[in-house]
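Student: Got a minute? I'd like to go through this structure with you.
Tutor: Sure. Let's have a look.

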Amino acid sequence: MVAMRRYGYRPSTFPFRSIEKEPLLFSLGFGKMAEESESVRVGMAGGEPGIEALPEACIANAISLTSPRDACRSSAVSAAFRSAVASDTVWDRFLPSDLKSILALADHPVDFSSKRELFFRLCDRPIFFDSGKMTLSLDRSSGAKCYMLSARELVITWADTNVYWRWVPDPDSRFSEVAELLDVCWLEIHGHFNSKMLSSKTKYAAHLIFKLSDSAVGLDYPPQEASVKLGTQSSTNLVCLQPNKNQDTDEEDTDEEATGHVVPQSRGDGWMEIELGELYNNGEDGDDNEVDISLLEVKGGHWKDGLIIEGIEIRPKI
């Protein structure tokens, strides 16, 4: 087929024989076809049938072997592709394989009329679990699962002692309450969850989601020790929740290269985030391991306050 040869495909192998082995080539081909979609729509030279002559189910199956991002791009190729992209065949492949059990555990029912609608519903609006202490959403580009552990889901040393921490609502938070540090010299926070919750063959990063009160002190030095552990994997970082102010400009020094530590980044939703570490979830052979995430500053004996914790977010790392 002339159009397929034009984009590097052999007629004898499109779309089934090579697509499993070369999904990246196939998705890159979608990008080229989208850019020159008019040429594709015109059809084939010499009177041969065009790609639109393929059954919709065939096109949908091929698209489902790419990614959500490439599926959306491919809808620009032609009307046949747009119709195929809308099918449940495509979006069922992008949804988690354990979707049924996930929805069964949700705090509230999730309504949807199609798998495509459900996919984007989970991308845009997280669903809550464990009485509102945890959320799940999907990464829009890959469909990988993302989790947010609320502060109540974390193990925070002395969190239930009201002279050290207090639990308060925050209008910027998705959760009913957040943890506010009042005064401690021993900062220790842990998060735990099972690696089976994550998408397989995916690299993840864990981020502390937090903000600082106007009176926050003691979080600039010494730096905090962060780690993420899964089985034999261990990722560690030195982080600084409150980067030192530049003495000459009275502005916060938030350059990681300048400080030598991982520093916070603004999220644009009223919170900051800081990467604690990363992991790769292989997800094969029934792996059933606990992921341990920690943030510590227990050596300095420095008193600190003003840290407000929403939770820890685990999402794919690009």
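Student: What covers the buried residues of helix 10?
Tutor: This is a predicted model, to begin with. The cover includes helix 6 (68-74), helix 8 (88-94) and helix 9 (99-105). Strand 1 (127-129) and strand 2 (134-138) are also among the covering elements.

Student: And which residues of helix 10 are the buried ones?
Tutor: Helix 10 spans residues 115-124. Its buried residues are L118, F119, F120, R121, L122 and C123.

Student: Which residues touch the most other members of the largest nonpolar core?
Tutor: I156, W165, L208, I293, L307, I309 and I314 do. That core has 64 residues. Helix 10 supplies the largest share of this core, with 5 residues.

Student: What else is there in the way of a separate core?
Tutor: A second one, with 7 residues. Its members include M148, F175, V178 and I209.

Student: Back to I293. What is it in contact with, leaving aside neighbours within four places in sequence?
Tutor: I293 contacts I189, H190, G191, F193, A206, S227, V228, L276, I312 and I314.

Student: V178 came up too. Which way do the residues of strand 6 point?
Tutor: Strand 6 covers residues 178-181. V178 and E180 point one way, A179 and L181 the other. All of them are buried.
Student: Why the alternation?
Tutor: In a regular strand, side chains alternate between the two faces of the sheet.

Student: Which strands does strand 6 join up with?
Tutor: Strand 5 (residues 165-168) pairs with strand 6 over 4 bridges, in the antiparallel sense. There, V168 stands opposite V178. Strand 14 (residues 305-316) also runs antiparallel to strand 6, joined by 2 bridges. A179 has I309 of strand 14 as its bridge partner.

Student: New topic. What's the strand order in the open sheet?
Tutor: The order is 4-7-13-9-10, so to speak from one edge to the other, with 5 strands in antiparallel pairing.
Student: Why call strand 4 and strand 10 edges?
Tutor: Strand 4 (155-156) and strand 10 each have a single partner strand, so one side of each is left without a neighbour in the sheet.

Student: How many bridges join strand 9 to strand 13?
Tutor: There are 6, between strand 9 (residues 224-230) and strand 13 (residues 290-297). These two run antiparallel. L230 is opposite V291 in strand 13.

Student: And where is S234?
Tutor: In strand 10, which covers residues 233-239. Leaving aside neighbours within four places in sequence, S234 contacts V228 and K229. The C-alpha atoms of S234 and G277 are 8.4 Å apart, with these positions 43 residues apart along the chain.

Student: Switching again. Is S87 buried or exposed?
Tutor: Buried, because its relative accessibility is 16% and the cut-off is under 20%. S87 sits in the loop between helix 7 (79-85) and helix 8.
Student: What lies 2.8 Å from a polar atom of its side chain?
Tutor: The backbone oxygen of A84.

Student: Last one. What pLDDT does the chain average?
Tutor: The average is 83, and 78% of the residues score at least 70.
Student: Where is it below 50?
Tutor: Over residues 1-45, for one. That stretch has 65 contacts in the model beyond near neighbours in sequence. Residues 246-252 also stay under 50. For those, the model has 8 contacts beyond four places in sequence.

Note on methods: Residues numbered from 1 in each chain as written. Predicted model: local features only at pLDDT ≥ 70, side-chain atom pairs only at ≥ 80, totals over all residues. Heavy atoms only, no water. Buried < 20%, exposed > 50% of the residue type's maximum accessible area, 1.4 Å probe, protein only. Contact = heavy atoms within 4.5 Å. Pairing = 2+ DSSP bridges. Polar contact = N/O pair within 3.5 Å; in protein donor to acceptor, adjacent residues only side chain to side chain. pLDDT = per-residue confidence, 0-100. Core = buried A, V, L, I, M, F, W, Y, C linked by side-chain atoms within 4.5 Å.
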